[in-house]
Amino acid sequence: MDLTTEVCDEASHTRERLSIDRLMRTENAFEESSGQSSPLKSLYLAWLSNPKADPDTQIIERPYLHAHARESLSFPWIDVSDEWPLDYVLHDHNGITFGDHSGQRVAEYPVWTHARWCAIEYEQCKNEEVPVAHYIDQTIRGVYREYLRLLVPVLGESTGVQKIFYSYRVLTPPQAAP
């Protein structure tokens, strides 16, 4: 178990890396109890069917209902072609708490601690070339939130990982920290 906790002036984080088996058990239980489909499971199954597929045809053909209950034609993604993880660029990023950061580098995220942890996790997914799942429990700028997130790499024929698609499921909606 990889469990990391950090507390600083602007944020506190507990981030646990989950096995894909554990994530799928959790998402199967969620689907059975709620009657809703899991965006994390949908993304994983799309990746599993062809991890080297062109992301614009592989992922977009599988629409799902976004966690914020808005219709989405694709999963959000991260351009990880840069060598420096803080310079990875977010696309279609409709954040849970602090709004849209599409087109921004990870380093531009408004909370440095969160940006740094995301960069580390994105780099793990890129380097390991396998899906990476996390349980995240955090307070940022007085807002508490808890969610599961799945990152899946798109494997290029000769270029390695250039894009990571992701999805999340909110466990506890953003609220004032206790």
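Colleague: What makes the lining of the largest cavity 11 nonpolar, four polar and two charged residues?

Modeller: The lining residues are sorted by type, and they divide into 11 nonpolar, four polar and two charged. Tyr and Cys count as nonpolar, because the rule places them there. Remember that this is a predicted model.

Colleague: Which residues lie nearest the centre of that cavity?

Modeller: His93, His114, Cys118, Tyr122 and Tyr147 do. The lining has 17 residues. The elements that give two or more residues to it are α4 (112-128), β8 (143-155) and β9 (161-176). The largest share, four residues, comes from α4.

Colleague: Why is this space called a cavity and not a pocket?

Modeller: A 1.4 Å probe fits in a cavity but cannot get out, whereas a pocket is open. The largest cavity holds about 220 Å³ of space. The cut-off for the count is 30 Å³ or more, and two cavities are counted.

Colleague: How do you know where empty space is left?

Modeller: A probe the size of a water molecule is rolled over the atoms, and that shows it.

Colleague: What makes a residue buried, and what percentage of the chain is buried?

Modeller: Buried means under 20% relative accessible area. Such residues make up 46% of the 178 residues in the chain.

Colleague: How many helices and strands are in the chain?

Modeller: There are four helices and nine strands. Along the sequence the pattern runs β-β-α-α-α-β-β-β-β-α-β-β-β.

Colleague: What percentage of contacts between residues at least 6 apart in sequence join residues at least 24 apart?

Modeller: The figure is 56%. A contact here means heavy atoms within 4.5 Å.

Key. Residues are numbered from 1 along each chain as its sequence is written. This is a predicted model: local features need pLDDT of at least 70, side-chain atom pairs count only at pLDDT 80 or more; totals for chains, interfaces and linings use all residues. Side-chain values use heavy atoms; hydrogens and water are left out. On a 1 Å grid over the protein atoms alone, a cavity is a set of points where a 1.4 Å probe fits but cannot get out, and a pocket is an open set with protein on both sides within 12 Å along at least five of seven lines; lining residues have an atom within 4 Å of a point. Grid points are joined across faces, edges and corners, and a volume is the space filled by probe spheres set on the points. Buried means under 20% relative accessible area, exposed over 50%, partly exposed in between (1.4 Å probe, protein chains only).
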